[in-house]
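User: I am new to this structure and would be grateful for a close look at a single part, the surroundings of the ligand. Please explain how that part is built and how it sits within the chain as a whole.

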Amino acid sequence: MKVLEDRIREEGLILSDTVLKVDSFLNHQVDTALALEIGREFARRFADKPITKVLTIEASGIQFAMAVGIALQVPFVYAKKKKAVTQSEQVYSASVHSFTRQETYQVTISKNYLGPEDKVLIVDDFLATGAALVGLVQIVSEAGAELAGVGCVIEKGFQEGRGLLEQMNVSVESLATISKMAPGEIYFQEPAKV
Ligand code: 5GP
């Protein structure tokens with residue numbers, strides 16, 4: 001997605017060979033018009049799939065899952081990282097190791113909001129090691145729901161996430177795929193068509 005690649009080039013801060021900071025428009029302050037455009041693009045790419053629910057993980061996937069949900073006119077559900085006192089119902093859970101925080105946590109989704117009747121599109125901001133998305137794929141499978149695919153806004157193609165998901169026969173769509181980066185330079189896998 002050209003507009004996204006342009007913003008990453010203009011505003012992305014490359015903190016190391018593996019970490020990109022996009023806090024000015026995606027991860028902290030959110031450009032709402034761009035988020036809605038991202039939602040429409042995911043909806044277009046998965047238009048042939050009868051999706052009933054969008055799934056993500058808190059916090060940074062929420063704005064994109066909401067944007068896709070608006071475009072597809074379906075609800076979105078986000079996995080929670082901490083069990084709240086209000087969460088008394090049965091949950092699906094998966095263990096996820098965070099690449100950016102270097103810690104392992106349990107993510108949970110209430111059984112009330114995901115079940116065998118659902119066709120799910122999983123969405124997240126970044127695909128890096130794939131741990132977060134693999135955790136969500138496991139939850140979809142535990143729920144007996146059907147997985148339509150995974151959409152990520154930015155994929156770091158030099159990390160192992162896509163390989164892991166493809167080994168699980170998951171179809172992955174990324175809107176910007178970085179093939180290589182280092183402070184001061186960034187390369188995308190192929191020029192964006194849209
Ligand atoms: P993964 O589980 O694929 O390793 O990473 C997933 C999560 O880590 C993403 O949802 C994102 O929040 C965070 N993440 C991974 N790599 C980066 C990065 O380079 N920059 C930022 N801002 N977040 C990242």
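**The surroundings of the ligand**

Analyst: Gly-130 counts as buried, with 25 C-beta neighbours inside 10 Å. This residue, in a model that is predicted, lies in the loop between β7 and α5. Setting aside residues up to four places away in sequence, Gly-130 touches Glu-160, Gly-161, Leu-164 and Leu-165. UniProt, in an unreviewed entry, lists Gly-130 under "binding site" together with Ala-128, Thr-129, Ala-131 and Ala-132.

The computed surroundings of the ligand can be set beside that record. There are 18 residues around the ligand, and those that come nearest are Phe-99, Ala-128, Thr-129, Ala-131 and Ala-132. By class, this shell holds 9 nonpolar, 6 polar and 3 charged residues. Three elements each supply at least two residues of the shell: β2 (20-21), β7 (119-127) and α5 (131-143). Of the elements, β7 gives the most, with 4 residues.

Ala-132, one of the residues that come nearest to the ligand, is found in helix α5. Ala-132 is buried, since 28 other C-beta atoms lie within 10 Å and the cut-off for a buried residue is 20 or more. Apart from its neighbours within four places in sequence, Ala-132 is in contact with Ile-57, Val-96 and Asp-124. Of these partners, Ile-57 belongs to β3 (53-57), Val-96 to β5 (91-98) and Asp-124 to β7 (119-127).

Helix α5 itself deserves attention. Its 13 residues should span 18 Å at 1.5 Å a residue, and the end C-alpha atoms are 19 Å apart, which agrees. The buried residues of α5 are Ala-132, Leu-133, Val-134, Gly-135, Leu-136, Val-137, Ile-139, Val-140 and Ala-143. An α-helix has 3.6 residues a turn, so residues three or four places apart point the same way. Within the buried set, Ala-132, Leu-136, Val-140 and Ala-143 follow such a spacing. After the helix comes Gly-144, whose phi is positive, near 75 degrees.

The same unreviewed UniProt entry type also places the feature "binding site" at Leu-20, Asn-27 and Lys-156. Is Lys-156 buried or exposed? Lys-156 counts as buried, with 25 C-beta neighbours inside 10 Å. This lysine is found in strand β8 (residues 146-156). Leaving aside its neighbours within four places in sequence, Lys-156 is in contact with Thr-18, Phe-126, Leu-127, Ala-128 and Ile-178. One of these partners, Ala-128, is among the residues that come nearest to the ligand, and Ala-128 is also listed by UniProt under "binding site".

Asn-27 is set differently: with 17 C-beta neighbours inside 10 Å, Asn-27 counts as partly exposed. The place of Asn-27 is in helix α2 (residues 23-27). Not counting residues up to four places away in sequence, Asn-27 touches Val-22, Ser-60 and Asp-125. Asp-125 falls within β7 (119-127), the strand that gives the most to the shell around the ligand.

Some backbone features elsewhere in the chain complete the picture. Most residues other than glycine have a negative phi, and most peptide bonds are trans. Against that background, the peptide bond from Glu-58 to Ala-59 is cis, with omega near 0 degrees. Ala-59 is in the loop between β3 (53-57) and α4 (62-72). Gln-102 has a positive phi of about 55 degrees although it is not a glycine; Gln-102 lies in the loop between β5 (91-98) and β6 (103-110). With 7 other C-beta atoms within 10 Å, Gln-102 is exposed. Asn-169, likewise not a glycine, has a positive phi of about 65 degrees. Asn-169 is found in the loop between α6 (161-167) and β9 (172-182), and with 8 other C-beta atoms within 10 Å it is exposed.

As for the whole, the protein chain has 6 helices and 10 strands. The radius of gyration is 16 Å, close to the 16 Å that the globule rule gives for 194 residues, so the chain is as compact as a globular protein of that length. The C-alpha atoms fill a box of roughly 50 × 35 × 35 Å along the principal axes. Of the 194 residues, 40% count as buried. Among contacts with a separation of 6 or more, residues 24 or more positions apart account for 61%.

How values were computed:
Residues numbered from 1 in each chain as written. Predicted model: local features only at pLDDT ≥ 70, side-chain atom pairs only at ≥ 80, totals over all residues. Near = placed C-beta within 6 Å. Nonpolar A, V, L, I, M, F, W, Y, C, P; charged D, E, K, R; others polar. Rg over C-alpha atoms; globule rule 2.2 N^0.38 Å. Buried ≥ 20, exposed ≤ 12 C-beta atoms within 10 Å, placed from the backbone. Contact = placed C-beta atoms within 7 Å. Expected span 1.5 Å × (residues − 1). UniProt positions renumbered as here; feature names shortened; annotations may be inferred.
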